[in-house]
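Reader: I would like to go through this model with you and ask how each label was earned. Could you set the values against the cut-offs as we go?

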Amino acid sequence: MLMSTANQAYVFLATVYTGMIVGFIYDFNRVIRRIFKPRPWVVGIMDLLFWLIVAAIVFMALLYANDGEVRFYNFIGLAMGWSLYLLTISSWVIKALSLAYRAIEKGFKCAIRFVSWPFRALLNLFNKINGKIKA
């Protein structure tokens, strides 16, 4: 089926945008690996999930933008989008995701300390009472 040049440009830009989204998902996967250092079999599962998610996103993007037709310039657009993402904002996104993880981790630690404070105070009181009884 013939397609107008404007429609081809729209589809190409949609695949470039999709490639950038794939790059973000890749960076998210990289940050998770750096933080948690999973075992090799978990890495395999994470890779499988990554490619399943990417395939679903690319399929939906092509279905929406191009009625599911796959053309060579779609692959070029995906590669260009991913490359542009990696060359421009990837390092900032990795830093931001790492910073967000550290902030969430600190928040959880503070919340756990706050919630467990009464229990720790009771435990210390019981330990003091127990120490005085034994002496």
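Reader: Why is D27 called buried?

Author: Happy to start there, with the reminder that this is a predicted model. D27 has a relative accessible area of 0%, and buried means under 20%, so D27 earns the label.

Reader: Where does D27 sit, and which residues does it touch?

Author: D27 belongs to helix α1. Leaving out residues up to four places away in sequence, D27 touches Y85, L86, S90, V93, I94 and L97.

Reader: What makes R30 and D27 a salt bridge?

Author: The distance from N to O between their side chains is 3.2 Å. A salt bridge needs a side-chain nitrogen of Lys or Arg within 4 Å of a carboxyl oxygen of Asp or Glu, so R30 and D27 qualify. Both residues lie in helix α1 (residues 5-36), three residues apart, about one turn of the helix.

Reader: Is R30 buried, exposed or partly exposed, and how do you know?

Author: R30 has 25% relative accessibility. Buried is under 20% and exposed is over 50%, with partly exposed in between, so R30 counts as partly exposed. Its partner D27, at 0%, is buried.

Reader: How many salt bridges does the structure hold?

Author: Four. Another of them joins the side chains of R33 and D47, with 1.9 Å from N to O. R33 lies in helix α1 and D47 in helix α2 (residues 40-66), so this pair ties together parts that are 14 residues apart in sequence.

Reader: What makes R33 and D47 partly exposed?

Author: R33 has a relative accessible area of 28%, and D47 has 29%. Partly exposed runs between the 20% and 50% cut-offs, so both residues fall in that class.

Reader: How do you know that R71 and E69 form a salt bridge?

Author: Their side chains meet at 2.7 Å, N to O, and the limit is 4 Å, so the pair is counted. As for accessibility, R71 is partly exposed at 25%, and E69 is partly exposed at 22%.

Reader: Why is N29 called buried?

Author: The relative accessible area of N29 is 10%, and the label applies under 20%, so N29 is buried. N29 has its place in helix α1. Apart from neighbours within four places in sequence, N29 is in contact with M46, D47 and F50. The D47 in that list is the residue whose side chain meets R33 in a salt bridge.

Reader: Let us turn to the loops. What is noted about phi of K37?

Author: Phi of K37 is near 45 degrees, a positive value in a residue other than glycine. K37 sits in the loop between α1 and α2.

Reader: What makes K37 exposed?

Author: K37 has 64% relative accessibility, and exposed means over 50%, so the label fits K37.

Reader: How do you know that D67 is exposed, and where is its place?

Author: D67 has a relative accessible area of 60%, and the cut-off for exposed is over 50%, so D67 is exposed. D67 is in the loop between α2 and α3 (72-88). Phi of D67 is also positive, near 55 degrees, in a residue other than glycine.

Reader: Now the whole chain. Which helices and strands does it have, and in what pattern?

Author: The chain has four helices and zero strands. Along the sequence, the pattern reads α-α-α-α.

Reader: Why is the chain called more spread out than a compact globule?

Author: The globule rule gives 14 Å for 135 residues, and the radius of gyration of the chain is 25 Å, well over that value, so the chain is more spread out than a compact globule. The C-alpha trace spans about 95 × 30 × 25 Å along its principal axes.

Reader: What share of the chain is buried, and what is the accessible surface like?

Author: Buried residues make up 23% of the 135 residues. The accessible surface comes to about 10200 Å², and 75% of this belongs to carbon and sulfur atoms.

Reader: What share of the contacts joins residues 24 or more positions apart?

Author: Among contacts with a separation of 6 or more, such residues account for 80%.

Reader: And how far apart are the mean positions of the charges?

Author: The chain has 15 positive and 5 negative charges, and their mean positions are 27 Å apart.

Technical notes:
Residues numbered from 1 in each chain as written. Predicted model: local features only at pLDDT ≥ 70, side-chain atom pairs only at ≥ 80, totals over all residues. Heavy atoms only, no water. Helix = DSSP H or I, 4+ residues; strand = E, 2+ residues; numbered from the N terminus. Rg over C-alpha atoms; globule rule 2.2 N^0.38 Å. Buried < 20%, exposed > 50% of the residue type's maximum accessible area, 1.4 Å probe, protein only. Contact = heavy atoms within 4.5 Å. Areas by Shrake-Rupley, 256 points an atom, 1.4 Å probe, with all protein chains shown as cover. Lys, Arg positive; Asp, Glu negative; His and termini not counted. Charge placed at Lys NZ, Arg CZ, Asp CG, Glu CD.
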